[in-house]
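User: Could you take a close look at the interior of this protein for me? I would like to hear about its cysteines, its packing and any enclosed space.

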Amino acid sequence: MVDSLTQIALGGAVAALVAPARHRRAALIAGGVLGTLPDLDVVPLALLRADAVSLMTWHRGPSHSLPVLAIFGGLLWLVLRRWWSPAREEPTRWLGAIQLALLTHPLLDAFTVYGTQLFWPLPGSPVMVASIFIIDPVYTTPLLVACGAAWQLRERRAANWWLLAGILLSTAYLSWSLAAKAIVERTAERTLAAEGLQDAPRFSAPMPFNTLLWRVVVMTPDGFLEGERSLVADRGPIVFRRHTSDRGALEAVAGYPSVRRLVWFTHGFLKAERRDGRLVLSDLRMGVEPDYVFRYCVAESEGQGGWREIAVEQLNWPRPDRLRLAGIWRRIWKEPNQKHRR
């Protein structure tokens with residue numbers, strides 16, 4: 001998910017750019033509210049006491065669907081046009097402001113690795129472009145500056161230029177993230193082709209807070225490979241580290257509803273491991289080995305290789321310390337001196 005501050009800034013900026021100048025401050029507020037509204041789906045999920053897997057996989061579901069939000073935005077506009085004077089005075093421009101503030105939220109979310117169900121209720125795995133981290137100051141800062149300037153300038157023409165510049169700069173950075181990802185993917189393809197793994201399922205995603213250092217994960221019959229690629233320092237093939245995953249155990253529990261849901265939501269990028277007689281599944285997309293944000297106990301051992309389904313339990317995530325983040329910064333600028341592992 002993209003952080004709330006970014007969604008507020010994006011929603012406010014696009015709404016204020018489209019709405020009439022005399023309504024600019026109202027548009028900044030309304031756009032900010034609408035820009036973060038889809039993420040409030042966590043409230044009904046919590047009230048319904050959904051299990052951990054449902055909380056993860058239904059977030060960014062119906063509330064992030066483009067058709068659902070378009071319909072909701074149209075209905076909201078009809079209500080506002082009847083009861084709110086700004087929408088009555090400029091109905092067409094306020095319709096555009098409302099729709100843009102709502103629809104840009106899931107579209108931006110889709111650029112992260114988490115995945116967004118843009119076309120719910122149609123079938124298909126969540127859209128996962130994975131070209132930008134959930135928090136990226138380089139993307140957010142131009143939008144925040146633009147919203148601040150527009151708030152101060154109010155109806156002046158210069159406010160439009162600030163808003164347009166902020167949106168263009170953030171969009172240009174998003175475009176750069178796609179170009180950077182393409183460069184990493186081409187290098188990964190060449191590296192894996194040399195090992196006969198060019199057709200292996202894989203994904204690439206930026207490391208925290210930047211688009212210069214990328215993580216690449218490749219699924220193999222006995223586990224997965226993990227490597228990093230710095231667009232600044234690295235020159236040779238990607239250095240991969242090999243990790244194991246209990247694929248047999250994962251296949252044994254594949255029929256469990258929670259496991260089927262996880263496999264669908266993660267596009268199959270899961271690690272399975274036995275811990276204290278329980279089977280733990282980790283979402284490989286969020287975190288680095290061995291620490292992952294989303295880890296779930298889904299079964300207990302029954303002996304002789306059998307498993308018994310249990311109520312899903314999400315394990316705590318050991319949050320990275322400052323030293324680890326400092327290591328990411330150093331890795332951007334320096335290529336590690338280690339041999340390629342097969």
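Analyst: Happy to! Let's begin with the cysteines: in this predicted model, the count of disulfides comes to 0. Two cysteines are still worth a look. Cys147 has a relative accessible area of 14%, so this residue falls under the 20% limit and is buried. Cys297 is buried as well, with a relative accessible area of 2%.

Cys297 also leads us into the packing, since it is in contact with Leu279. Setting aside neighbours within four places in sequence, Leu279 also touches Ala249, Val253, Ala272, Glu273, Tyr296, Val298, Ala299 and Trp307. Leu279 belongs to the largest nonpolar core, a set of 34 residues, where Leu279, Leu281 and Tyr296 have the most contacts inside the core. There is a second, separate core too, with 32 residues, including Leu108, Tyr139, Leu143 and Ile167. As a general point, nonpolar side chains in soluble globular proteins tend to be buried together.

Now for the enclosed space. The structure holds 2 cavities of 30 Å³ or more, and the largest has about 70 Å³ of space. Its lining consists of 11 residues, and those nearest the centre are Glu228, Asp234, Val239, Arg331 and Pro336. Two strands, β3 (223-230) and β4 (239-244), each provide at least two of the lining residues. What is the lining made of, by class? Charged residues number 6, nonpolar residues 4 and polar residues 1.

Conventions:
Residues are numbered from 1 along each chain as its sequence is written. This is a predicted model: local features need pLDDT of at least 70, side-chain atom pairs count only at pLDDT 80 or more; totals for chains, interfaces and linings use all residues. Side-chain values use heavy atoms; hydrogens and water are left out. On a 1 Å grid over the protein atoms alone, a cavity is a set of points where a 1.4 Å probe fits but cannot get out, and a pocket is an open set with protein on both sides within 12 Å along at least five of seven lines; lining residues have an atom within 4 Å of a point. Grid points are joined across faces, edges and corners, and a volume is the space filled by probe spheres set on the points. Helices (H or I, at least four residues) and strands (E, at least two) are DSSP runs, numbered from the N terminus. Ala, Val, Leu, Ile, Met, Phe, Trp, Tyr, Cys and Pro count as nonpolar, Asp, Glu, Lys and Arg as charged, and the others, Gly among them, as polar. A nonpolar core is a set of buried Ala, Val, Leu, Ile, Met, Phe, Trp, Tyr and Cys residues joined through side-chain atoms within 4.5 Å. Buried means under 20% relative accessible area, exposed over 50%, partly exposed in between (1.4 Å probe, protein chains only). Contact means heavy atoms within 4.5 Å. A disulfide is a pair of cysteine sulfur atoms within 2.5 Å.
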